[in-house]
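Please look through the sequence and the model shown below. The paragraphs that follow go through its parts in turn.

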Amino acid sequence: QVQLVESGGGLVQAGGSLRLSCAASGSIFSGDVMGWYRQPPGKQRELVATITSGSSTNYADPVKGRFTISRDNTKNTVYLQGNSLKPEDTAVYYCNVYGWNGGHYRDYWGQGTQVTVSS
């Protein structure tokens, strides 16, 4: 089992910055992908960014050039740095870990942290 605990959400003005952290406890394997997703008010959950243990990254188009995902494999922690925030970045942000181990697919989610960007 893996537990994910997010921190760093809050209220920020448009144009500001925010850094989210997600600490994973339990078994994290080198093949696991860690990432961030978000769910804006009244909308479906969507990808923000993912990162492999080898630091290969993938970003959703709306955040490219403004958000940076990073990962500390020694601490099983993933970070999301958001700059030049916009009101449309307002959402609940969720941490995710997924991967295969021993033929079993694993997919874990954090409880979510609210990010509100005021105009």
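A charge is said to sit over a ring if NZ of Lys or CZ of Arg is within 6 Å of the ring centre and within 35 degrees of the ring normal. R45 lies over the face of Y94 in this sense, at 3.8 Å from the ring centre. R19 lies over the face of Y79, at 4.3 Å from the ring centre. The model in view is a predicted one, and the rest of the text follows its strands, its aromatic rings, its disulfide and two single residues.

The strands come next. Strands of a sheet pair through backbone hydrogen bonds, either parallel or antiparallel. Here, four strands make up an open sheet in the order β1-β3-β8-β7, and their pairing is antiparallel. β1 (2–7) and β7 stand at the edges of this sheet, and each has a single partner strand, so one side of each is left without a neighbour in the sheet. From one strand to the next, the twist averages 15°.

Within this sheet, strand β8 covers residues 77–82 and pairs with β7 in the antiparallel sense over six bridges. Strand β3 (residues 18–26) also pairs with β8 in the antiparallel sense, again over six bridges. What stands opposite V78 of β8? On the β7 side, R71 stands opposite V78. C22 has V78 as its bridge partner in β8.

β7 and β8 also form a hairpin, with four residues between them. In the turn, N76 has a positive phi of about 50°. β7 itself runs over residues 67–72 and has two faces: F67, I69 and R71 are on the covered face, while T68, S70 and D72 are on the uncovered one.

C22 leads on to the disulfide. How many disulfides does the structure contain? The count comes to one, and this disulfide joins C22 to C95, with 2.0 Å from S to S. The link of C22 and C95 is left-handed, with -85° about the S-S bond. C22 lies in strand β3 and C95 in strand β9 (residues 91–101), so the pair ties together parts that are 73 residues apart in sequence. Are these cysteines buried or exposed? C22 has a relative accessibility of 0% and counts as buried. C95 counts as buried as well, at 0% relative accessibility. The cut-off behind that word is a relative accessible area under 20%, while exposed means over 50% and partly exposed covers what lies in between.

Aromatic rings form another set of contacts, with three aromatic pairs in the structure. In one of them, the ring centres of Y37 and W109 are 5.1 Å apart and the planes stand at 65°, so the pair is edge-to-face; the cut-off for that class is an angle over 60 degrees. Y37 lies in strand β4 (residues 33–39) and W109 in strand β10 (residues 104–109), so this pair ties together parts that are 72 residues apart in sequence. Y37 is buried, with a relative accessible area of 18%, whereas W109 is partly exposed, with 35%.

W100 and Y105 form an aromatic pair that is tilted, with 5.2 Å centre to centre and 55° between the planes. W100 counts as exposed at 59% relative accessibility, and Y105 as partly exposed at 44%. Y98 joins W100 and Y105 in one aromatic cluster.

Two further residues can be placed by their surroundings. T52 lies in the loop between β5 (46–51) and β6. T52 is partly exposed, with a relative accessible area of 27%. Leaving aside residues up to four places away in sequence, T52 touches D32, V33 and R71. R71 belongs to the covered face of β7. From T52 to C22 there are 30 residues in sequence, and their C-alpha atoms are 15 Å apart in space.

N58 lies in strand β6, which holds residues 57–59. N58 is partly exposed, at a relative accessible area of 38%. Which residues does N58 touch, not counting residues up to four places away in sequence? N58 touches L47, V48, A49 and T50. The C-alpha atoms of N58 and G35 are separated by 9.1 Å, and the two residues are 23 residues apart along the chain.

Notes
Residues numbered from 1 in each chain as written. Predicted model: local features only at pLDDT ≥ 70, side-chain atom pairs only at ≥ 80, totals over all residues. Heavy atoms only, no water. Buried < 20%, exposed > 50% of the residue type's maximum accessible area, 1.4 Å probe, protein only. Pairing = 2+ DSSP bridges. Axes fitted to C-alpha atoms, helices over the stretch in contact; angles between N-to-C directions. Contact = heavy atoms within 4.5 Å. Phe/Tyr/Trp six-rings, centres within 6.5 Å; stacked < 30°, edge-to-face > 60°. Disulfide = S-S within 2.5 Å.
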